[in-house]
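I had a friendly wander through this one and kept notes as I went. Here they are, in the order I looked things up.

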Amino acid sequence: MNDNVRRAFANGKAFIPFVTAGDPDLETTERLVYAMEEAGADLIELGIPFSDPTAEGPVIQAANERALSGGVTTDMIFDMVVRIRKKTDVPMVFMTYANVVYAYGNEAVRASARKGDPALLSKSGSGNDAEASGVKANLSADDKKAVTGGTRRFMEKMRQVGMDGLILPDVPFEEKGEFAGIAAENGLDFISLIAPTSHERIADIAKDAQGFVYCVSSLGVTGMRDTITTDIGAMVRLVKEAQDIPAAVGFGISNPAQARKMASQSDGVIVGSAIVRMIAEHGRDAAAPVAEYVRSMKDAVRDL
Amino acid sequence: MYQQPNEKGRYGIHGGQYMPETLMNAVIELEEAYDHYKKDEAFNTELAALYRDYAGRPSNLYFAKRMTDDLGGAKVYLKREDLNHTGAHKVNNCLGQVLLAKKMGKTRVIAETGAGQHGVATATVAALFGMECEIFMGAKDMERQALNVYRMRLLGAKVHPVESGTATLKDAVSDTLREWTNRIADTHYVLGSVMGPHPFPMIVRDFQAVISREAREQILEAEGRLPDAVLACVGGGSNAIGSFYHFIDDGEVRLIGCEAAGRGVDTAETAATIATGKLGIFHGMKSYFCQDEYGQIAPVYSISAGLDYPGVGPEHAALYDSGRAEYVAVTDEEAVEAFEYLSRTEGIIPAIESAHAVAYARKLVPTMKKDQIVVVTVSGRGDKDVAAIARYRGEDLHE
């Protein structure tokens, strides 16, 4: 387990804010990180924007679009983390989508020149030996490197700049192997999620989890909700039976009362859309109101 | 014997289940139900009856004599999926999936649609089975395909405009996935192509494989031998995999998928994924995707809304890797010429999607010998495209 992630759960119940990096620009994101840490954030989730964030509701989708249309790239976000790490060691994890990691720096755009190449006609491989033989006939050496190169480059870069962990909501337990192994090699926690539909899956997921378990509070995508009906306490108990690991609750939490209720049954709360909505409203001046909000949320959960 | 995917839902390195945890039990439940019903005699009898009595299967394998004479090479046969009820191959998959959903106790189906063909087919079958139906469609596509939007509503479906991202097919898929995470217990997502997380690429392929099962028998009946090449258009790739599947073990049969090059594979306005994409993970699967150097999914373009998708099904990606299938890129201009060509030569107006396969046949057939045989799948009929082709040719038609 990454020591910095462990530290996030050492100050009473944790408050974990999420912001989309580059929304509305990276200077604002950097200021927000300092302001949120100062206001009591225990761990900060930095979203790397993705063109098609399928787990997000409208508020964070819009933040992704604002960041990307502002020209933000993964490399610019890594550079920002370098600047942040000169000033603070606040625990930080990335939250993004599998392709941002998997495709990172994979330059090899595949040649179209092979189309209709008569040389291909003699090949009649049945392709039925799957992973064992890996990549075959039509893939060049560059393509082969691309198979795992991006993930490795991304994780090494994360380690170099001083990130602590990674959340990929489109990578479930069944597919985590190709990411979690390389993350562990780089001292990064690959954070697992459980959902209200996970049921019997929770034991396996939690047993193998690193850092903390992200408990998705509700069905659907990210976004503020009036009520959360899932029995969070029961989910958290199943986690703890499998492994003594912190469990934090996210999706739908926006106010101190909800945060208190969720934190009383877990080790902390994660808030994204409510903060991102404030950033949408206040733009470059968001640091002060967001800090005030983070303070009120941390105050609500600290002493539970 | 060709046998894909493996038990992990992999086709070579492609495929898999890159899904939010919230949906994992839903896809596992689907896989278990499908494993059960695909061996269930009553299910298969019911589906066969629907194919025959409702969809009008088997679809004809038609010898295109005038096209053959005109091109002066191999004999051309057309597999007429355009003659199916609802006018395209999409109904093969919808009948199978909605019947499966019904057996699973689901009462509501949701689906994405690009041009509207899959949405219409889903709405049609939902009406037939008395199920609730909601379709997600890019707001831009709704404007371009107003007639299909009305058709879906006529069939009792609710159509949701998707405003996010590029407001086209990929965004419709994303929003349908989002809706599914929101309401799972009574809802089945009728994915329209051989894409998404396992088991969808396998289920959709199996239901579309009826195309090559019939075509193989039909060509053996007509010619006493297998064809030398099978051609089909590829967006996500469902009609192509359906056309290829029962020929995969016949190494001498060339399998050729025709992608949409849009304005050309050397331009940014293309949807030819295998020609221009690279390995990635998106919409539940590992496969090839059009994307930038940071893995952001690229906006794609084709005159054909049905091929206007930035990825390709994982089984096609694996067939490409192994060299078993070939993939070629066909431009808008070539497709439009083929659309007009087949209309005039055979009196068959093909869907603009299918016209991509016809276009490549026009190049390939003249290079082949007269005793050779080519099967071209006409995946759908082109009535829906007439106004757009007229506009492409500078005539402003209003439907």
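**Entry 1: the largest pocket**

I began with the open space. The model is predicted, and its largest pocket has a volume of about 710 Å³. I then looked up the lining, which counts 32 residues, and found that those closest to the centre are Tyr34(B), Asp206(B), Ala209(B), Arg213(B) and His246(B).

Which elements give two or more residues to this lining? I noted four helices of chain B: H1 (21-37), H2 (41-55), H9 (200-208) and H10 (210-223). H2(B) gives the most, with six residues. I also sorted the pocket lining by class and got 14 nonpolar, seven polar and eleven charged residues.

**Entry 2: enclosed space**

Next I went after the cavities. Searching the whole structure, I got eleven of 30 Å³ or more. The largest cavity has a volume of about 370 Å³. Its lining holds 30 residues, and the ones closest to the centre are His89(B), Lys90(B), Gly306(B), Leu307(B) and Glu353(B).

I checked which elements of chain B each supply at least two residues to the lining of the largest cavity, and listed strand S5 (108-113) with helices H5 (117-129), H8 (169-182), H11 (238-244) and H15 (352-364). By class, I wrote down nine nonpolar, 17 polar and four charged residues for this lining.

The second largest cavity has a volume of about 190 Å³. I counted 21 lining residues here, and Ile60(A), Tyr214(A), Thr222(A), Phe251(A) and Gly272(A) are the closest to the centre. S8 and H12 of chain A each supply at least two residues of the lining of this second largest cavity. Its classes come to 13 nonpolar, six polar and two charged.

**Entry 3: the barrel of chain A**

S8(A) had just turned up in a cavity lining, and I followed that strand into its sheet. What I found is a closed barrel of eight strands with parallel pairing, running S1-S2-S3-S4-S5-S6-S7-S8 in chain A. From one strand to the next, the twist averages 25°.

Where do S1(A) and S8(A) meet? Strand S1 (residues 14-20) and strand S8 (residues 268-271) of chain A pair in the parallel sense over four bridges. For a concrete spot, I picked Ala14(A), which stands opposite Gly268(A) in S8(A).

**Entry 4: H12 and H13 of chain A**

H12(A) was the other contributor to the second largest cavity, and I looked up how this helix packs. Helix H12 (residues 273-282) and helix H13 (residues 287-301) of chain A pack at an angle of about 160°, with their axes 9 Å apart. Angles over 145 degrees count as roughly antiparallel, so that is the description for H12(A) and H13(A). Their crossing is right-handed.

**Entry 5: an open sheet and a helix pair in chain B**

Back in chain B, I noted an open sheet of four strands in the order S1-S2-S12-S11, with antiparallel pairing. The edge strands are S1 (10-11) and S11 (278-282) of chain B, each pairing on one side only. Strand S2 (residues 14-18) and strand S12 (residues 284-289) of chain B pair in the antiparallel sense over two bridges. I located one of the partners: Gly15(B) has Lys286(B) in S12(B) as its bridge partner.

H5(B), already listed for the largest cavity, packs against H4(B) at an angle of about 40°, with the axes 9 Å apart. H4(B) and H5(B) are therefore oblique to each other. I recorded the crossing of H4(B) past H5(B) as right-handed.

**Entry 6: backbone oddments**

I finished with the backbone angles. Which residues does a cis peptide bond join in chain A? They are Asp23(A) and Pro24(A), with omega about -5°, and Pro24(A) has its place in the loop between S1 and helix H2 (26-38) of chain A.

In chain B, a cis peptide bond joins His198(B) and Pro199(B), with omega about 10°. Pro199(B) is in the loop between strand S8 (187-189) and H9 of chain B, and H9(B) is one of the helices noted for the largest pocket.

My last note goes to Thr86(B), which has a positive phi of about 75° although it is not a glycine. I found Thr86(B) in the loop between strand S4 (75-80) and helix H4 (90-103) of chain B.

Conventions. Residues are numbered from 1 along each chain as its sequence is written. Chains are lettered from A and ligands numbered from 1 in the order in which they are written. This is a predicted model: local features need pLDDT of at least 70, side-chain atom pairs count only at pLDDT 80 or more; totals for chains, interfaces and linings use all residues. Side-chain values use heavy atoms; hydrogens and water are left out. On a 1 Å grid over the protein atoms alone, a cavity is a set of points where a 1.4 Å probe fits but cannot get out, and a pocket is an open set with protein on both sides within 12 Å along at least five of seven lines; lining residues have an atom within 4 Å of a point. Grid points are joined across faces, edges and corners, and a volume is the space filled by probe spheres set on the points. Ala, Val, Leu, Ile, Met, Phe, Trp, Tyr, Cys and Pro count as nonpolar, Asp, Glu, Lys and Arg as charged, and the others, Gly among them, as polar. Two strands pair if DSSP finds at least two bridges between them. Axes are lines fitted to C-alpha atoms, for helices over the stretch in contact, and angles run from 0 to 180 degrees between N-to-C directions. Angles under 35 degrees count as roughly parallel, over 145 as roughly antiparallel, 65 to 115 as roughly perpendicular and the rest as oblique. A crossing is left-handed if the near helix is turned anticlockwise from the far one by less than a right angle, and right-handed if clockwise.
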